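Dear colleague,

Please find below the structure I promised to hand over, with its sequence. My notes on it follow directly after.

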Amino acid sequence: MSGAARCNAALYVNRCIFHRYNTEVLIDMDGSHPSSGSPNQNPNSESDGKSNANANTPSEGDGSLEILARRAQESLSIGNGKRHAFWETQPVGQFKDLGDTSFPEGPIELPTPISEVKQEPYNLPNLYEWTTCDIDSEETCAEVYNLLTNNYVEDDENMFRFNYSKEFLRWALRPPGYFRNWHIGVRVKASKKLVAFISGVPARIRVRDEVVKMAEVNFLCVHKKLRSKRLAPVMIKEVTRRVHLENMWQAAYTAGVVLPTPVTTCQYWHRSLNPKKLIDVQFSRLGARMTMSRTIKLYKLPGSTATPGMRKMELRDVPAVTRLLRNYFSQFVVAPDFDEDDVEHWLLPTENVVDSFLVESPETHEITDFCSFYTLPSTILGNPNYSTLKAAYSFYNVSTRTPLLQLINDMLILAKQRDYDVFNALDVMHNETFLKELKFGLGDGQLHYYLYNYRVRHALKPSELGLVLL
Ligand SMILES: CC(C)(COP(=O)(O)OP(=O)(O)OC[C@H]1O[C@@H](n2cnc3c(N)ncnc32)[C@H](O)[C@@H]1OP(=O)(O)O)[C@@H](O)C(=O)NCCC(=O)NCCS
């Protein structure tokens, strides 16, 4: 095991920004060319663990400058004044140390002997108690699902809320080697109602040359009626404690909020597949000088894929896909260290959870290319005509023979055939090379990636990151 993996201290909380955008992407006046700017509004901005998006290249008089100004403000405010009573006590990069390159890269605190890790759970306010959520139980899974469905990440205007399905939760929470007691709930003692949740799952993540055993922390959620009572820090400490008890001392997480201190900050991009619905539900809006029919035409995709030998991934493909991915990941500063079990779990297609496709050379039967997305719908709040937005999220893609642009365009076609309304992608890995060309619009939220108890000397560019958290 690497030195880093032996080192100390715990975690963090993941994901999250509700992202939404404005479709009027990158089109010429005639609506045919995907590369000039057009206006957009800013339907939601990141705050409190949300993301959102707003398509476009900035242009004057359309709100884009506001977005830019806000982003500049956000960047400037990193490390500038805002106190973090909890995070300042944790082994994470602190804003005051930004720019100080004298600290060594790697673990911030060394591990302690397991016997010295606090053996009892942290105290909760009197009315509440800890519960381990057995996600195998249909009843408990439904409780977690309902808590998240009603209280998880929303956009700033409260029009959309992430709606992770039960199958998705079972998948996300039970990867190889998972720990049941890292699925942590808080109940009201009297009624037993589940009012908060946080989870960790184990992962091996490589940072430069070190493969580090980490927890990926996600699904932090406190019931709306219990917010701002400092429950989140207790939950974070409790998941950290349980991770330590398994002799793991690092974690990876994402959030829409700025905390000390992001390893990198990414943006979501959105590719309309069903522009009429997206506009009807105000996920995006009609571009200036655009009609609905021109917009529909702009985003229309061919009925079938272009790449010969493209097919769904199957169980027999696991070894080849693992080789392809491991080779691909080696070029990023931070990336998963997947073995065949991980690939089978995370990438073998599971209906309405994860879809994966590959290209098998018709001549040699070699597996040359791979692409995948996961399914995360959002509830559309208070709309009389629509209740759900069906979104696909780009996961891991590798092109060695098929041009990446063609591979992703084929994946868009496959998503469209499966009735997705929008295809989302972060600007991580090589994604930047296809986003504009394939008519993705820039979202207006930012997703910050964090490592707990692991310092990186400089912030990374999104393209140096090979990790997608759910
Ligand atoms: C995120 C959430 C659990 C925070 O709970 P809360 O009641 O708002 O905040 P609390 O009073 O309990 O705790 C505040 C502390 O938690 C931190 N915090 C808030 N959101 C956080 C996040 N997503 N990840 C890590 N820490 C977070 C705050 O920064 C603050 O610590 P600080 O003083 O060091 O800055 C709650 O707002 C929620 O459930 N939101 C909807 C779902 C969501 O956004 N989940 C997070 C997805 S990343």
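Two residues are taken to be in contact if their C-beta atoms, placed from the backbone, lie within 7 Å. Please bear in mind throughout that this is a predicted model.

On that basis, W87 touches V92, L259 and P260, leaving aside residues up to four places away in sequence. W87 itself sits in the loop between α2 (64-77) and β1 (128-132). A residue counts as partly exposed when the number of other C-beta atoms within 10 Å of its own falls between the limits of 12 or fewer for exposed and 20 or more for buried. W87 has 17 such atoms within 10 Å and is therefore partly exposed. The C-alpha atoms of W87 and P233 are separated by 8.5 Å, although the two residues are 146 places apart along the chain.

Regarding confidence, the mean pLDDT of the chain is 87, and 83% of its residues reach 70 or more. Two stretches call for caution. Over residues 1-16 the pLDDT stays under 50, and the model has 79 contacts beyond four places in sequence for them. Residues 22-73 also have a pLDDT below 50, with 179 contacts in the model beyond near neighbours in sequence.

Helix α8 deserves a closer description. This helix covers residues 318-329, 12 residues in total, and its first and last C-alpha atoms lie 16 Å apart, close to the 16 Å expected at 1.5 Å a residue. Its buried residues are V321, L324 and L325. Viewed down the axis of α8, these buried residues fall within an arc of 95°, so they line one face of the helix. They pack against α9 (340-347), β10 (354-360), β11 (367-375) and β15 (398-399). The face turned away from the buried side of α8 carries the exposed residues P319 and N327.

Finally, there is an open sheet of three strands, in the order β2-β12-β13, with antiparallel pairing. Because β2 (160-162) and β13 (388-389) stand at the edges and each has a single partner strand, one side of each is left without a neighbour in the sheet. Strand β12 (residues 378-380) pairs with β13 in the antiparallel sense over two bridges. The bridge partner of S378 in β13 is L389.

With kind regards

Key. Residues numbered from 1 in each chain as written. Predicted model: local features only at pLDDT ≥ 70, side-chain atom pairs only at ≥ 80, totals over all residues. pLDDT = per-residue confidence, 0-100. Pairing = 2+ DSSP bridges. Helix = DSSP H or I, 4+ residues; strand = E, 2+ residues; numbered from the N terminus. Expected span 1.5 Å × (residues − 1). Arc of directions from axis to C-beta.
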